[in-house]
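Grab a pencil and work through a few exercises on the structure below. Try each task before you read its solution.

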Amino acid sequence: MEYSPPPLFKQGAPARLKVTVFALISIALLVVDARFHALSTVRQVAATVLYPLQMAALVPRDALAGMGSYFSSISALQKEVHELKSQQVALAQTMQQAQLQMAENAQLRKLMEAREHLPVRSMMSEILYDARDPSTRRVVLDRGSRNGVKPGLPVIDNAGVVGQVTRVFPFTSEVTLLTDKEQAIPVQVLRSGLRSVAYGRGHSGLLDLRFVAPNADIQVGDVLVTSGLDGMYPAGLAVAKVIQVESVAAGAFGRVICQPLAGIDRHRQLLVVMSDQQATPRPPEEGARPNGNSSARRNLPKMDPIPLPPLPAQPLPPAVAPAPAAGAPAATPATTPAARTPAPASPVPVNPAPVAPAPAAPRQNTVVQPKEGA
């Protein structure tokens with residue numbers, strides 16, 4: 001019985017021969033392709049046919065690489081999100097400060113423009129804090145008596161009047177706002193020229209025009225400005241705008257409600273108007289006597305005294321002169337009302353004879369007896 005190996009294990013040509021043959025074929029193809037470019041088409045066809053196989057073989061590698069990049073990207077993204085959030089918080093704070101500075105710059109620009117249009121000198125100031133009393137409407141500024149601030153000076157912003165300086169300290173000053181219940185300001189309607197006084201209404205933030213006649217020429221939308229009659233506020237500063245006109249049927253007066261034009265509760269920078277305007281002194285009342293040292297008395301013209309009228313002559317009882325003693329000079333006659341008259345130009349005798357006066361009609365003549373020993 002003949003034993004033969006299976007076809008799979010049958011040996012053909014030797015391996016060295018096969019390597020040599022295939023090596024020679026490869027060298028020939030390389031030479032043909034390099035010299036004549038005859039295999040470029042065959043190469044493209046082979047690449048096209050083998051491309052799906054290549055992609056299928058690369059799928060496991062790409063899947064592993066994708067999984068690694070996915071997990072690494074998640075960690076990187078989480079770290080980046082954390083950093084971005086921290087940066088966002090810092091930038092938000094910086095942005096808020098920038099917005100605040102932009103708003104302050106805009107307000108300062110408006111104040112500078114308003115300062116240029118003021119007819120009097122003004123000083124920039126900043127609000128430090130509100131007053132401690134919750135029942136009042138007051139703020140504290142960073143300017144005091146060392147800066148020339150005095151009680152009564154008006155405080156304004158770019159839109160209108162804010163209030164008035166009521167208390168002054170060396171380094172700070174207290175300003176009472178227009179809306180305070182104890183604050184009042186003389187105003188004038190810009191359209192009609194009607195004068196009145198505006199009073200604060202407290203925490204409502206509005207102003208009142210009280211005791212207004214029912215037929216007063218005031219309309220909603222009218223602008224109120226300072227009249228300047230008090231000697232403190234310069235005339236022409238904007239104060240408020242009329243928002244409501246109430247007519248009281250039962251009373252003789254109406255009420256007008258106004259909205260302040262100034263940013264009382266919105267801004268921190270204000271202008272203190274250093275007004276040098278002095279109130280005009282009141283004229284002296286009629287019948288008042290000027291002081292002895294006043295200039296008015298010194299300027300009065302000198303006046304001559306008014307002569308008194310002559311007294312009427314009244315008859316007096318006659319007086320009888322006593323007989324002169326021996327060696328004694330003769331006595332002069334008694335003085336009569338006629339003696340008050342000027343003496344005549346003619347000389348008077350030394351010893352005139354006594355003349356009996358004429359008797360008076362209504363009275364009886366009486367004789368005065370001389371005293372003994374005269």
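Helices (H or I, at least four residues) and strands (E, at least two) are DSSP runs, numbered from the N terminus. The model is predicted, so local features need pLDDT of at least 70 and side-chain atom pairs count only at pLDDT 80 or more, while totals for chains, interfaces and linings use all residues. Residues are numbered from 1 along each chain as its sequence is written, and side-chain values use heavy atoms, with hydrogens and water left out.

**Exercise 1. Place L207 and describe its surroundings.**

Step 1: find the element. L207 is found in strand β8.

Step 2: check the burial. Buried means under 20% relative accessible area, exposed over 50%, and partly exposed in between (1.4 Å probe, protein chains only). L207 has a relative accessible area of 1%, so it is buried.

Step 3: list the neighbours, where a contact means heavy atoms within 4.5 Å. Not counting residues up to four places away in sequence, L207 touches L178, T179, A198, Y199, G200, R201, V239, A240, V256, I257, C258 and P260.

Step 4: pick one of these partners and look at the backbone. L207 and I257 are 50 residues apart along the chain, yet their C-alpha atoms are separated by 5.8 Å.

**Exercise 2. Map the largest nonpolar core.**

Step 1: recall the rule. A nonpolar core is a set of buried Ala, Val, Leu, Ile, Met, Phe, Trp, Tyr and Cys residues joined through side-chain atoms within 4.5 Å. In soluble globular proteins, nonpolar side chains tend to be buried together.

Step 2: count and rank. The largest core has 24 residues, and V161, I185, L209, V239 and C258 have the most contacts inside it.

Step 3: trace the core to its elements. Two or more residues each come from β6 (184-189), β8 (207-212), β10 (238-246), β11 (254-260) and β12 (269-273).

Step 4: look for a separate core. Another one, of 16 residues, lies apart from it and includes V139, V155, V272 and M274.

Step 5: zoom in on L209. Beyond four places in sequence, L209 touches V187, S196, V197, A198, I218, L224, G254, R255, V256 and C258.

**Exercise 3. Work out the salt bridges around R191.**

Step 1: set the rule. A salt bridge is a side-chain nitrogen of Lys or Arg within 4 Å of a carboxyl oxygen of Asp or Glu. By this rule the count is eight.

Step 2: take the R191 and D217 pair. Their side chains meet at 3.0 Å, N to O. R191 sits in the loop between β6 and β7 (195-200) and D217 in the loop between β8 and β9 (223-226), so this pair, 26 residues apart, links distant parts of the chain.

Step 3: take R191 and D222. This salt bridge also has an N to O distance of 3.0 Å. D222 lies in the loop between β8 and β9, 31 residues from R191.

Step 4: join the pairs. Shared partners put R191, D217 and D222 into one network.

Step 5: compare burial. R191 is partly exposed because its relative accessibility is 44%, and D217 is partly exposed at 39%. D222, at 6%, counts as buried.

**Exercise 4. Is D180 paired or unpaired in terms of salt bridges?**

Step 1: locate D180. It belongs to the loop between β5 (173-177) and β6.

Step 2: search for an opposite charge (Lys and Arg count as positive, Asp and Glu as negative; His and the chain ends are not counted). D180 is buried but has no salt bridge, and the nearest side chain of opposite charge, R138, is 4.9 Å away.

Step 3: see what the side chain reaches instead. The D180 side chain comes to 2.9 Å from the backbone nitrogen of R137.

Step 4: add the contacts. Neighbours within four places aside, D180 is in contact with T136, R137, G200 and G202.

**Exercise 5. Describe the setting of Q269.**

Step 1: Q269 is in strand β12.

Step 2: Q269 counts as buried because its relative accessibility is 8%.

Step 3: leaving aside neighbours within four places in sequence, Q269 is in contact with E104, Q107, L108, L111, S125 and E126.

**Exercise 6. Summarise the whole chain.**

Step 1: the secondary structure comes to three helices and 12 strands.

Step 2: of the 374 residues, 22% are buried.

Step 3: among contacts with a separation of 6 or more, 56% are between residues 24 or more positions apart.

Note on methods. A polar contact is a pair of N or O atoms within 3.5 Å; within protein, one must be able to donate a hydrogen and the other to accept it, and residues adjacent in sequence count only if both atoms are side-chain atoms.
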